[in-house]
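Welcome to the tour. Have your viewer ready, and keep the selection panel open as you read.

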Amino acid sequence: QVQLVESGGGLVQPGGSLRLSCAVSGIIFRFDGMGWYRQAPGKQREMVATITVSGWTNYADSAKGRFTISRDNAKNTVYLQMSSLKPEDTAVYYCKTLSTGYWGKGTLVTVSS
């Protein structure tokens, strides 16, 4: 059974930082690319960042320079380090396996003063 479990969300003030984690089980993690996506209220889900098996990364324009995606194959975990957070970053953040298409249930990030 494949499971993706996100954690690390919460309430943070504008300008603050958060690190999201996504623990993956049930697949051979190191053989799959991973992605972080987000969905804000009333909006479509959008890609935030992706990382390939070999570690190549890609970011949405809104995330460039502020967010960093990384992976730890020994821990079967992908991370999203977010800094300089803005109210418009408020959303539910999901991780996804890129080749096999599995989704986690998401973690809520709220950026507000």
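Start by selecting Trp103, which is partly exposed, with a relative accessible area of 34%. Keep in mind throughout that you are looking at a predicted model.

**Stop one: the rings around Trp103**

With Trp103 still selected, add Tyr94 and look at the two rings. They form an edge-to-face aromatic pair, 6.3 Å from centre to centre and with 90° between the planes. Tyr94 itself is buried, at a relative accessible area of 13%.

How many aromatic pairs does the structure hold? There are two. To see the other, add Tyr37: its ring centre is 5.0 Å from that of Trp103 and the planes stand at 65°, so this pair is edge-to-face. Colour by element and you will find Tyr37 in strand β4 and Trp103 in the loop between β9 and β10, so the pair ties together parts that are 66 residues apart in sequence.

Is Tyr37 buried or exposed? Its relative accessibility is 14%, and buried means under 20%, so Tyr37 counts as buried. Show the three side chains together and you have a cluster of Tyr37, Tyr94 and Trp103 linked by ring pairs.

**Stop two: from the rings to the sheet**

Switch to a cartoon view, but keep Tyr37 and Tyr94 as sticks. Tyr94, in β9, is the bridge partner of Tyr37. Their strands, β4 and β9, pair in the antiparallel sense over six bridges.

Now follow β9 across to β10. These strands also run antiparallel, joined by three bridges, and here Tyr93 stands opposite Thr107 of β10.

Go back to β4 (residues 34-39) and look for β5 (residues 46-51). Five bridges join this antiparallel pair. Which residue of β5 stands opposite Met34? Select Ile51 to see the answer.

Zoom out for the whole arrangement. The strands belong to an open sheet of six, in the order β2-β10-β9-β4-β5-β6 and with mixed pairing. At its edges are β2 (10-12) and β6 (57-59), each of which pairs on one side only. Turn the view to follow the twist, which averages 25° from one strand to the next.

Before you leave the sheet, check β9 once more: this strand is mostly covered, with six of its seven residues buried.

**Stop three: the disulfide**

Select Cys22 and Cys95. Their sulfur atoms are 1.9 Å apart and form a disulfide, the one disulfide that the structure holds. Trace the chain from each end of the bond: Cys22 is in strand β3 and Cys95 in strand β9, so you are looking at a link between distant parts of the chain, 73 residues apart. Look along the S-S bond as well, where the torsion is about 55°, so the disulfide is right-handed. Both Cys22 and Cys95 are buried.

**Stop four: the nonpolar core**

Next, select Trp36, Val78, Leu80, Met82 and Tyr93. These are the residues with the most contacts inside the largest nonpolar core, which has 27 residues. Colour the elements that give two or more residues to this core: β3 (18-25), β4, β5, β7 (67-72), β8 (77-82), β9 (91-97) and β10 (107-111). Of these, β3 gives the most, with four residues.

Which residues does Val78 touch, beyond its neighbours within four places in sequence? Its contacts include both disulfide cysteines, Cys22 and Cys95. Also among them are Met34 and Ile51, the opposed residues you selected in β4 and β5. Add Leu20, Ser21, Phe29, Trp36, Ile69, Ser70 and Arg71 to complete the set.

**Last stop: Tyr79**

Finish on Tyr79, in strand β8. At 12% relative accessibility, Tyr79 counts as buried. Draw a C-alpha to C-alpha distance from Tyr79 to Trp36: it is 8.6 Å, although the two are 43 residues apart in sequence.

Trp36 is also one of the residues in contact with Tyr79. Setting aside neighbours within four places in sequence, the others are Arg19, Leu20, Ser21, Thr68, Ile69, Ser70 and Asp72.

Notes:
Residues are numbered from 1 along each chain as its sequence is written. This is a predicted model: local features need pLDDT of at least 70, side-chain atom pairs count only at pLDDT 80 or more; totals for chains, interfaces and linings use all residues. Side-chain values use heavy atoms; hydrogens and water are left out. Two strands pair if DSSP finds at least two bridges between them. Axes are lines fitted to C-alpha atoms, for helices over the stretch in contact, and angles run from 0 to 180 degrees between N-to-C directions. A nonpolar core is a set of buried Ala, Val, Leu, Ile, Met, Phe, Trp, Tyr and Cys residues joined through side-chain atoms within 4.5 Å. Buried means under 20% relative accessible area, exposed over 50%, partly exposed in between (1.4 Å probe, protein chains only). Contact means heavy atoms within 4.5 Å. A disulfide is a pair of cysteine sulfur atoms within 2.5 Å. Rings of Phe, Tyr and Trp (its six-membered ring) pair if their centres lie within 6.5 Å; planes under 30 degrees apart count as stacked, over 60 as edge-to-face and the rest as tilted.
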